Amino acid sequence: MTDRLDTIAILAAIKSALPAELCTGTVALHEPRFGGNEWTYAKECLDTGWVSSVGKFVDRFEQQLAEYTGAKRAVATVNGTAALHMCLLLAGVKPGDEVLIPTLTFVATANAVAYCGAVPHFVDSDPATLGVDPKRLEAYLRENAAVRSDGCTSRETGRPLRALVPMHTFGHPSDLDGIAEVCRHFRLALVEDAAESLGSFYKKKHTGNHGLLSALSFNGNKVVTTGGGGAVLTNDEELGKLAKHLSTTARVAHPWELTHDRVGYNYRMPNINAALGCAQLEQLPEFIKAKRSLAKRYEQAFGGLAGVSFFTEPKDARSNYWLNALLLDREHADQRDSLLELLNKSGIHARPAWTLMHRLPMYKDCPAMDLSTAEDLAARIVNIPSSVVLGAADA
Ligand SMILES: Cc1ncc(COP(=O)(O)O)c(C=O)c1O
């Protein structure tokens with residue numbers, strides 16, 4: 001018989017890592033922190049009337065993002081899903097194509113593929129990174145994909161396999177060298193879903209900067225928030241220009257005429273959101289320091305505990321620890337929900353990983369490789385409070 005998981009000890013370990021004065025009510029999973037120039041910049045928008053789709057904060061935010069990430073071009077959007085949709089369009093994804101994505105991801109990754117009229121093709125996870133497992137993907141594609149001069153097709157469906165979208169789970173960078181190699185060999189466009197990984201680096205290079213294009217999110221639960229928002233990053237000037245054009249309803253620049261040269265999107269970030277973003281980015285190094293110091297405290301608190309481990313940053317990576325994650329030992333997976341119940345009842349907001357994409361009704365018939373590692377991980381992951389404020393005392 002397996003020993004029961006000591007859920008009370010897990011609750012105590014979490015609390016021991018948190019500042020006692022912040023544990024009086026409910027401790028949120030991830031709440032924003034507005035400790036800088038947010039009020040000043042937002043007031044400036046209201047005072048001047050520049051609240052909508054043009055204004056100096058949009059340009060400034062895009063510049064700050066490009067500088068921080070090292071990308072040549074950043075284009076701010078209304079949210080991360082819109083950014084991902086544009087990345088896929090710009091990477092050449094067409095109706096009837098397939099796009100390889102992890103099954104362990106937030107639904108936006110799969111939805112962005114569907115918005116292009118393409119089909120998600122699900123890929124298994126690497127337990128070392130929680131992201132795409134490039135070795136197993138390569139073995140799978142060797143069996144199941146035909147490489148041609150102009151790309152690669154699925155042997156099973158005959159459809160083009162156009163792109164691979166790794167996602168940096170909970171902010172932890174995927175094995176980007178391995179993934180880039182798979183993309184080179186199978187002629188896939190590499191588009192990173194970096195929605196969760198602002199402030200995370202792989203081999204000293206910022207995530208979202210390792211492929212053709214990438215998408216960031218500034219939703220209220222992310223490291224940096226603009227209320228709602230996202231961005232496309234790219235090192236290709238032409239794609240950067242096109243991203244801006246597409247996100248601005250493909251409007252042709254003219255002093256007074258309103259004309260458009262293709263089907264575009266109203267995906268541009270409003271100035272008032274960008275104003276928040278500028279203030280938030282000024283604090284990003286401090287935010288990351290606080291989040292890493294909270295993670296260190298969790299790591300220590302869970303060091304000697306049986307039945308559970310704290311997930312730490314993968315090799316070659318420096319993570320933003322966006323959402324801290326516990327991994328229950330396999331024999332305790334069946335007690336995950338009783339742990340979640342205890343934590344939430346005790347004022348510690350905790351949740352499991354997302355329902356895997358191939359389990360959702362609209363994606364259940366999509367093509368997939370063996371997904372047993374993602375299934376195993378999803379059954380054992382528990383996300384625990386990760387807000388900047390919880391680590392801020394040490395930062
Ligand atoms: C992995 C992933 N992809 C995409 C998104 C979409 O971002 P948004 O909510 O800004 O549309 C999110 C976050 O919400 C995410 O976590």
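The residues of the shell around the ligand fall into three groups: four are nonpolar, eight polar and three charged. The model examined here is a predicted one, and the ligand is a good place to start getting to know it. Of the 15 residues around the ligand, those that come nearest are Gly80, Thr81, Glu196, Ser217 and Lys222.

Several of these neighbours can be followed down to single atoms. In Thr81, an N or O atom of the side chain is 2.5 Å from an oxygen atom of the ligand. Gly80 takes part through its backbone, where a polar atom is 2.7 Å from a ligand oxygen. Ser217, in turn, places a polar side-chain atom 2.7 Å from an oxygen atom of the ligand. Taken alone, the ligand exposes 380 Å², and the protein buries 92% of that area. The space that the ligand takes up is the largest pocket. Two elements, helix H4 (80-90) and helix H5 (107-115), give two or more residues to the shell around the ligand.

Attention now turns to the aromatic rings. A pair of such rings is described by the distance of the centres and the angle of the planes. The count comes to eight aromatic pairs. One of them joins Phe170 and Trp354: the ring centres are 5.3 Å apart and the planes stand at 25°, under the 30 degrees set for stacking, so this pair is stacked. Phe170 belongs to the loop between strand E6 (161-164) and helix H7 (176-186), while Trp354 belongs to the loop between strand E15 (351-352) and helix H12 (372-378), so the pair ties together parts that are 184 residues apart in sequence.

Technical notes: Residues are numbered from 1 along each chain as its sequence is written. This is a predicted model: local features need pLDDT of at least 70, side-chain atom pairs count only at pLDDT 80 or more; totals for chains, interfaces and linings use all residues. Side-chain values use heavy atoms; hydrogens and water are left out. A residue is near a molecule or strand if one of its heavy atoms lies within 4 Å of it. A polar contact is a pair of N or O atoms within 3.5 Å; within protein, one must be able to donate a hydrogen and the other to accept it, and residues adjacent in sequence count only if both atoms are side-chain atoms. Accessible areas come from the Shrake-Rupley method with a 1.4 Å probe; for residues, only the protein chains shown count as cover. On a 1 Å grid over the protein atoms alone, a cavity is a set of points where a 1.4 Å probe fits but cannot get out, and a pocket is an open set with protein on both sides within 12 Å along at least five of seven lines; lining residues have an atom within 4 Å of a point. A molecule sits in a cavity or pocket if more than half of its atoms lie within 2 Å of its grid points. Helices (H or I, at least four residues) and strands (E, at least two) are DSSP runs, numbered from the N terminus. Ala, Val, Leu, Ile, Met, Phe, Trp, Tyr, Cys and Pro count as nonpolar, Asp, Glu, Lys and Arg as charged, and the others, Gly among them, as polar. Rings of Phe, Tyr and Trp (its six-membered ring) pair if their centres lie within 6.5 Å; planes under 30 degrees apart count as stacked, over 60 as edge-to-face and the rest as tilted.
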